[in-house]
Amino acid sequence: MTTIELQPATKGLHGALQVPGDKSISHRAVIFSSLAEGTSYVYNFLTGEDCLRTVEAFRKLGVRIDQEADKLTIYGRGIKHLTEPAAPIYFGNSGTTARLMSGVLAGLPLFTVAYGDESLAKRPMDRVVVPLEKMGAHIYGRTEATQLPLAFKGRKLSGVTIEMNVKSAQVKSALLLAGMLAEGETKVYERGITRNHTEMLMPQYGITINKNENVITVPGNQQPMASDLHIPGDISSAAFFFVAGLLTQDSELTIKNVGLNPTRDGIITTLQRMGANLAISNQTYVGHEPVGDVTVKSGPLEALTVEGDIIANLIDEIPILALAATQAEGTTVIKDAKELRVKETDRIAAVAQNLIALGANIESTDDGLIIHGPTPLTGAVVHSYGDHRIGMMNAIASLITDSNVTIEDKDCINISYPNFFEHLSRIMK
Ligand SMILES: O=C(O)C1=C[C@@H](OP(=O)(O)O)[C@@H](O)[C@H](O)C1
Ligand SMILES: C=C(OP(=O)(O)O)C(=O)O
């Protein structure tokens, strides 16, 4: 296990950073380009381990994908030319790969077996398997098909109407992908707003889709067409540096080219509600996605309650938001976030354990966290639990501790942010 010892910041953080490409959009770019007919170029692709799993999955299905730094060239030959892999496909740690690929594999006339690492093998897969079975999918697990490994006896599925019973962009996307490949029309009723990158990308790849409030309709038997795509910077990665700049005294940091999709920007509105000195400039579009530069300056924060619909909008940012709350005046309450219990690790428990080790006053609840602040943080040995977002939360905490923080299992950060430590040291100079 790889360990890193980090020193507290001795002065303010300064400069500008460009965080890597958005993880959710990178996965989807590979999926649509690989299913497409024609050659697609993908720019600013996130070369984190999770997205490379999706690339590997399609290579196993016979698609040629060339990678040069963060540019992908994907030689799509169309759905009919995908071939059956000889060996099982490894999804690593990536929930997005597992859920979205399930929608694809269930609907292709191929037999495939998929498995994941120790963490992914514990995450719920019934949330995609059950609705896919309603479409006629044949998916098999060890007992019931609730977790990986899973075997897909792919076949032509039938479009159906599905009311989602979980607020999840991964499940929604799996059903839209399956629907696009199926016979007839698929209608998906969403229970709440989740990230909409799949719906935004489908028309770009020539796929017909209709969205009316919370109902998405996709006609079946559609063949995507190649498209070139530029991917915005990942707001979920940028969030670590927003909080770094806000908490470290005398700092001013600009994170450039940050994706500002309104289904993803809850961390910005929440930090602003906490009184953060956070400003957006240079707003424009990268493809159809809104982007901008985000400048943060250190300053006091106030506690607040975060609950309800906004939770899905900042679900991956809750660990770093919890760290921010340790420095806010008053009691911050995070509720309705039970979903965090089934991420890469139980993130409610992992956040509480690590921040308590660092001296924070924080309690976990069934569906969230209660954080009393501000509390000075102290150096300690902390653990990522193999979870990239927990690892990065610990690293940002080390900026404001009174002595060094040792992070066990730092390598998991490569899952979503391979040059994280390089960026961290750059702004500390
Ligand atoms: O669709 C996506 O790309 C994602 C959706 C979210 O998961 P859920 O759909 O499980 O909420 C998020 O936590 C994950 O990091 C990426
Ligand atoms: C939950 C995450 O990803 P995934 O579900 O794809 O493993 C994440 O990136 O925080």
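Into which domains is the protein chain divided? Select residues 3-21 together with 232-428 for domain 1, then 23-230 for domain 2; these bounds come from an automatic or database domain assignment. What you have open is a predicted model, in which local features need pLDDT of at least 70, side-chain atom pairs count only at pLDDT 80 or more, and totals for chains, interfaces and linings use all residues. Residues are numbered from 1 along each chain as its sequence is written, while chains are lettered from A and ligands numbered from 1 in the order in which they are written.

**Stop 1: the two domains**

Color the two domains separately. The C-alpha centres of domain 1 and domain 2 lie 29 Å apart. Where they touch, 22 residues of domain 1 are in contact with 25 residues of domain 2; two residues are in contact if their C-beta atoms, placed from the backbone, lie within 7 Å. On the domain 1 side of this interface there are seven nonpolar, ten polar and five charged residues. In this count Ala, Val, Leu, Ile, Met, Phe, Trp, Tyr, Cys and Pro are nonpolar, Asp, Glu, Lys and Arg are charged, and the others, Gly among them, are polar.

**Stop 2: ligand 1**

Now select ligand 1 and show its surroundings: Ser 24, Thr 96, Ser 168, Ala 169, Gln 170, Ser 173, Arg 195, Ile 315, Asp 316 and Glu 339. A residue belongs here if its C-beta atom, placed from the backbone, lies within 6 Å of the molecule. Both domain 1 and domain 2 give residues to this shell, so ligand 1 lies between them. Helix α5 (residues 169-181) gives the most, with three residues. Helices here are DSSP runs of H or I with at least four residues, strands are runs of E with at least two, and both are numbered from the N terminus. By class, the shell of ligand 1 has two nonpolar, five polar and three charged residues.

**Stop 3: ligand 2**

Move on to ligand 2. Around it you will find Lys 23, Asp 50, Ser 94, Gly 95, Thr 96, Asp 316, Lys 343, Glu 344, Arg 389 and Ser 416. How many of the residues in this shell are nonpolar, polar and charged? There are no nonpolar residues, four polar and six charged. Each of the two domains supplies at least three residues to the shell around ligand 2.

**Stop 4: helices in domain 2**

Two packed helices are described by the angle between their axes and the distance between the axes. Select helix α1 (residues 23-35) and helix α6 (residues 197-204), which pack at an angle of about 35° with their axes 10 Å apart. Axes are lines fitted to C-alpha atoms, for helices over the stretch in contact, and angles run from 0 to 180 degrees between N-to-C directions. Show Ser 24, Ile 25, Arg 28 and Phe 32 in α1, which meet His 197, Thr 198 and Leu 201 in α6. This contact holds three nonpolar, three polar and one charged residues.

**Stop 5: helices around α12**

Next, select helix α10 (residues 318-326) and helix α12 (residues 388-397), whose axes come within 9 Å and cross at roughly 25°. That makes α10 roughly parallel to α12, a term for angles under 35 degrees. Pro 319, Ile 320 and Leu 323 of α10 make the contact with Arg 389, Ile 390, Met 393, Ile 396 and Ala 397 of α12. The residues of this contact are seven nonpolar, no polar and one charged.

Add helix α11 (residues 347-357), which packs with α12 at an angle of about 20°, with their axes 11 Å apart. These two helices are therefore also roughly parallel to each other. Here Arg 347, Ala 350, Val 351 and Asn 354 of α11 meet Ile 390, Met 393 and Asn 394 of α12. The contact of α11 with α12 has four nonpolar, two polar and one charged residues.

**Stop 6: three backbone details**

Most residues other than glycine have a negative phi, and most peptide bonds are trans. Zoom in on Leu 148 and Pro 149, joined by a cis peptide bond with omega about -5°. Pro 149 sits in the loop between β8 (139-140) and β9 (150-153). Then go to Gly 373 and Pro 374, where the peptide bond is cis, with omega near -5°. Pro 374 is in the loop between β22 (368-373) and β23 (381-383).

Finish at Glu 213, which is not a glycine but has a positive phi of about 50°. Look for Glu 213 in the loop between β12 (210-212) and β13 (215-218).

Technical notes
Angles under 35 degrees count as roughly parallel, over 145 as roughly antiparallel, 65 to 115 as roughly perpendicular and the rest as oblique.
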